[in-house]
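Q: Please take a close look at how the helices pack against one another here. Describe the helices themselves as well, and the individual residues that go with them.

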Amino acid sequence: MNAATVSPVVVGVDGSSGSRAATLFAVGEARRLEAPLKLVHVVPTYSAMPPAPMMALPPIDLVGTGERILERAESEVPAVAPDLTIETELRRGVRHHELAGAATDASQLVVGQDKRPLLDRLLLGNTVTGVASRATCPVTSVPHDWDPAADHGLVVVGVKAPAHAEELLGEAFAVASARSATLLVLHAWRLPGGYDDIIADRVATEEWTERTTKELDEVLAPWRRVYPDVTVETKVVHDYAPTALEQASRDADLLVLVRRAHGVPAATHLGGTARGVLRTAACPVRVVPPRPVRSSSGPTSEQAHPAGAS
């Protein structure tokens with residue numbers, strides 16, 4: 001396959017340990033897809049920076065630092081992937097806006113997990129949730145301590161409801177197939193406050209699990225036919241979704257979630273579950289953007305082989 005005909009894998013680099021882990025992950029994805037790797041660094045503008053002392057750095061110094069960060073990241077790639085086609089791009093502005101813009105035509109956007117203190121994230125914004133809320137391609141967040149040599153043979157997909165399950169499962173099945181991995185379909189449920197205690201007392205957990213598993217099997221049936229090579233396991237747990245997904249991530253190679261298709265503006269909203277998991281997951285987390293609602297049901301050819309799958 002000619003790399004020039006494949007959408008690039010874009011990775012945001014900033015010189016941090018999380019950025020280096022993200023670059024290694026992106027290298028692996030680009031090699032799987034036989035796609036070029038595009039390294040992007042965003043130089044912050046003064047409006048995107050926290051309050052600074054009177055003697056602020058002139059813009060040219062910030063640009064020079066950004067160029068050196070890009071050069072260093074580019075120089076490290078040939079050691080692990082000497083034949084990979086590499087592109088670089090230096091942008092200026094708000095980081096999550098610019099990264100999402102740089103990935104408009106990408107197969108996926110890879111970023112490092114945001115481990116900054118809460119105050120920093122409140123002042124400057126959370127890069128990971130920002131790009132995952134806006135990007136038109138799948139966004140993968142990589143923990144700073146991710147080990148590229150680790151191979152659990154497991155992809156986990158969190159399914160809340162049948163809505164938007166097509167794009168979510170399309171990505172998850174394609175990834176599991178490409179990795180020759182088992183796909184674990186996880187659904188977690190728990191009601192708020194005293195309601196959960198009442199329901200748990202009146203409804204046997206086994207009955208709830210059996211009913212939910214049957215509903216999941218119906219949703220999974222067409223995807224099992226498209227991907228007969230993928231071993232599928234389903235798991236229904238009585239727990240809060242962020243907790244269940246975080247625990248599952250400890251033994252997974254990738255966790256796949258879908259972005260909500262509502263918000264202001266439409267389709268640019270991450271729910272509390274996705275925000276929490278992006279922050280705490282032990283494995284890379286991929287957030288899939290929703291697609292427009294279609295009248296037909298079942299996987300399309302595009303969904304059966306999504307461009308971002310690897």
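A: In this predicted model, helix 3 (residues 95-102) packs against helix 5 (residues 127-134) with 8 Å between the axes and an angle of about 40°. The pair is therefore oblique, since 40° falls neither under 35 degrees, the cut-off for roughly parallel, nor in the 65 to 115 range that counts as roughly perpendicular. The crossing of the two helices is right-handed.

Helix 3 contains Ala100, which counts as buried because its relative accessible area is 12%, and the limit for buried is under 20%. Ala100 also has a partner remote in sequence: Val10 is 90 residues away along the chain, yet the two C-alpha atoms are 9.6 Å apart. Val94 belongs to the loop between strand 3 (86-92) and helix 3. With a relative accessible area of 30%, Val94 is partly exposed. Its C-alpha atom is 8.2 Å from that of Val43, a residue 51 positions away in sequence.

A second pair is formed by helix 6 and helix 8, which pack with their axes 11 Å apart at an angle of about 40°. Helix 6 is thus oblique to helix 8. Here too the crossing is right-handed.

Helix 8 itself runs over residues 205-226, 22 residues in total. From its first C-alpha to its last it reaches 32 Å, close to the 32 Å expected at 1.5 Å a residue. There is nevertheless a bend of about 45° at Leu220, with a proline, Pro222, following within four residues. Both Leu220 and Pro222 are buried, as are Trp208, Thr212, Leu216 and Trp223 of helix 8. When reading such a list, the periodicity is relevant: an α-helix has 3.6 residues a turn, so residues three or four places apart point the same way.

Helix 6 (165-179) is also one of the two elements that flank a loop, with strand 7 (182-189) on the other side; Ser180 sits in that loop. Its phi is positive, about 55°, although Ser180 is not a glycine. Most residues other than glycine have a negative phi. At a relative accessible area of 68%, Ser180 is exposed, because the class begins over 50%.

The third pair is helix 9 (residues 241-249) with helix 10 (residues 272-280), whose axes cross at roughly 30° and come within 9 Å. These two helices are therefore roughly parallel to each other, the angle being under 35 degrees. Helix 9 passes helix 10 in a right-handed crossing.

Within helix 10 lies Arg279. At 22% relative accessibility, Arg279 is partly exposed, because buried would need a value under 20%. Along the chain Arg279 is 150 residues from Thr129, while their C-alpha atoms are separated by 9.0 Å.

Helix 1 can be set beside helix 8 as another case where span and residue count agree. Its 17 residues should span 24 Å at 1.5 Å a residue, and the end C-alpha atoms are 25 Å apart, which agrees. Its buried residues are Gly18, Ser19, Ala21, Ala22, Thr23, Phe25, Ala26, Val27, Glu29, Ala30 and Leu33. A charged residue, Glu29, is thus among the buried residues of helix 1.

After helix 1 comes Glu34, a residue with positive phi near 55°. Glu34 is in the loop that links helix 1 (17-33) to strand 2 (37-43). Glu34 counts as partly exposed because its relative accessible area is 39%, a value between the 20% and 50% limits.

Two cysteines complete the account. Cys137 is buried at 4% relative accessible area, and Cys283 is buried at 2%. With a cut-off of 2.5 Å between sulfur atoms, the count of disulfides is zero.

Technical notes:
Residues numbered from 1 in each chain as written. Predicted model: local features only at pLDDT ≥ 70, side-chain atom pairs only at ≥ 80, totals over all residues. Heavy atoms only, no water. Expected span 1.5 Å × (residues − 1). Bend = angle between axes of the 7 residues up to and from the residue. Buried < 20%, exposed > 50% of the residue type's maximum accessible area, 1.4 Å probe, protein only. Axes fitted to C-alpha atoms, helices over the stretch in contact; angles between N-to-C directions. Parallel < 35°, antiparallel > 145°, perpendicular 65-115°, else oblique. Left-handed = near helix turned anticlockwise from the far one by under 90°.
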